[in-house]
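Subject: Handing over a structure, with notes

Dear colleague,

I am passing on the structure below, together with some notes on what was found in it. Please read them with the coordinates open beside you.

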Amino acid sequence: MSLPAVGRAADTPATAVSVWPVRPVPFAAHIETIGQVEPFQGVTLSPEIAGRITELDFDSGATVRKGQLLLVLNDAPEQGELIRQSGELRAAEADLARARSLIRTGVESHEDLETATARFEAAKGNVARVQAVIDQKHIRAPFDGPVGIRQINLGQYLNPGDAIATLTSYARMRVNFILAEENAASVQLGQTVHLTFDTTPGQDFTATVTTIDPRIDGSHTLSIQALLDAPPADLHPGTYTHVSIAAKVAPHLVVPETAVTYTAYGETLFVEQPSTDGPTVTATAVRAGDRRNGWVVIDDGVKPDDRVVTSGQNRLVTGVKVREIPEVLPLAGLRELAQ
C-alpha cells in the first residue's frame, strides 16, 4: 500500500540513496519462549533410620564426592551385634566344612549336610542384615556436588525423613519450557535449542531436547525438556532463560534492517519506482516479521525484485527522485539466516 507524500517532491534534485533488490532467501524462523532451569540431579538428604548423630563430616556449602561419608548415626549396638553374628557365621562355616568332609566318608547323612548348609546361610543372612543397618546409619553422598545449608548438628536425634541438607549436581542442567500447540511440529528429540541468560549477557549456550511430553495439555501447550551439558558456572536452579528454537527453513523476502523506517503509518519501506525522468521512490507500508543478524523478514508489502532504499530515507518522501550509490551490506549475516 502506497502512503501519501509528505511535502512536495517535484523539481527537487535526485537524492543519493543505497538500494537493495528484494529477493527470497532461505530463512530459519526462530520460535522464542521462556524456560526455567532445574538441576540434573538434586535431592534433600535424609536418614532412612532413626538415631543420634555421633559423627558429622561436612559443613554448609561444602563440595562433596560420590560415596563420601557425611555423617554417622549411633551404630554401637549394631557394631556389637555384627561381632556376635560374625562369630556365629564363622562357626556355621566351620560346621559346614566338617559336614562336607564327613559326608564323603559316610559318617554324616545328606540331611546333616543340608542342616549345616541352612545354618550357614542363615548366619550369613544375619551378618548381611546387621551390616545393612550399619550402612543405613552411615549416610554418604549419592553423587558429586555442593551441599546446601546444613539443617542438623552433632548429637542431634534424627527420625527417618528428617532433612539433613540439600545436595545438587551442577555439572549438567535441565531446561523446562513450553510451546504453543501450533509450534509442536517445530521441535523433535535430539534437536539443538539456543539459550541466553540475563546473568551472562552476550553469551549463547546450546541444549539438546531430551523429552517431549506426548500430550498437549488443557491450555493447548506442549511441555519440553532439554539438557544443558555445560552450564555457566554461576547458573542457579530456578533461573529463567530465553529459549530460541530454529523452525523449518523456508524462503522468505528479507531486507536489511536499515531499510525499515517507522512513521505515523507504521513500518515503512521506500520502494524505487522507474520513471522516464529517472527513478523515484514510494513510501510503502509493510508488515515486518522476524529480525536477525541485521536483516528483517517482510511478510507483506513488497514483492520479489522490488528495489528498496537502505540508507538516506530521512531525506525522502513519496515521489522524490533518487540516484543510487553503492553500499557494503553484511552478506555474511544473510548467509547465516538459514541456521
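Two strands are taken as paired here if DSSP finds at least two bridges between them, and please keep in mind throughout that this is a predicted model.

I begin with the open sheet of four strands, whose order is 6-5-3-8 and whose pairing is antiparallel. Strand 6 (138–140) and strand 8 (157–158) are at its edges, and because each has a single partner strand, one side of each is left without a neighbour in the sheet. Further in, strand 3 (residues 51–56) and strand 5 (residues 69–73) run antiparallel and are joined by three bridges, with Ile-53 standing opposite Leu-73 of strand 5. Across strand 5 and strand 6 lies helix 2 (residues 110–137), which runs at about 55° to strand 6.

Helix 2 also meets helix 1 (residues 76–105): their axes come within 8 Å and cross at roughly 160°. An angle over 145 degrees counts as roughly antiparallel, and helix 1 is therefore roughly antiparallel to helix 2. The residues of this contact divide into 14 nonpolar, seven polar and 10 charged, and the crossing of the two helices is left-handed.

A second group of strands is arranged around strand 10 (residues 192–196), which is joined to strand 11 (residues 205–212) by four bridges and to strand 13 (residues 240–256) by three, the run being antiparallel in both pairs. Leu-195 has a partner in each of these strands, since its bridge partner in strand 11 is Phe-205, while in strand 13 Val-243 stands opposite Leu-195. The side chains of strand 10 alternate along its length, so that Val-193 and Leu-195 point to one face and are buried, whereas Thr-192, His-194 and Thr-196 point to the other face and are not buried.

Two buried residues in other strands may interest you for their contacts, for which residues up to four places away in sequence are not counted. Ile-224, in strand 12 (residues 221–228), has a relative accessibility of 2% and therefore counts as buried. Ile-224 touches Val-175, Asn-176, Phe-177, Leu-179, Val-187, Val-209, Thr-211 and Ile-212. As a reference distance across the model, the C-alpha atoms of Ile-224 and Ile-83 are separated by 53 Å, the two residues being 141 residues apart along the chain. Thr-310, in strand 19 (residues 307–311), likewise counts as buried at 2% relative accessibility. Its contacts are with Ser-18, Val-19, Trp-20, Pro-256, Thr-258, Ala-259 and Glu-327.

Lastly, there are two backbone angles to look at, both of them positive phi values in residues other than glycine. Phi of His-220 is near 60°; this residue is found in the loop between strand 11 and strand 12, and with a relative accessible area of 48% His-220 is partly exposed. Phi of Asp-305 is near 80°, and Asp-305 lies in the loop between strand 18 (295–300) and strand 19, where, at 67% relative accessibility, Asp-305 counts as exposed.

With best regards

Definitions and conventions
Residues are numbered from 1 along each chain as its sequence is written. This is a predicted model: local features need pLDDT of at least 70, side-chain atom pairs count only at pLDDT 80 or more; totals for chains, interfaces and linings use all residues. Side-chain values use heavy atoms; hydrogens and water are left out. Contact means heavy atoms within 4.5 Å. Axes are lines fitted to C-alpha atoms, for helices over the stretch in contact, and angles run from 0 to 180 degrees between N-to-C directions. Buried means under 20% relative accessible area, exposed over 50%, partly exposed in between (1.4 Å probe, protein chains only). Angles under 35 degrees count as roughly parallel, over 145 as roughly antiparallel, 65 to 115 as roughly perpendicular and the rest as oblique. A crossing is left-handed if the near helix is turned anticlockwise from the far one by less than a right angle, and right-handed if clockwise. Ala, Val, Leu, Ile, Met, Phe, Trp, Tyr, Cys and Pro count as nonpolar, Asp, Glu, Lys and Arg as charged, and the others, Gly among them, as polar.
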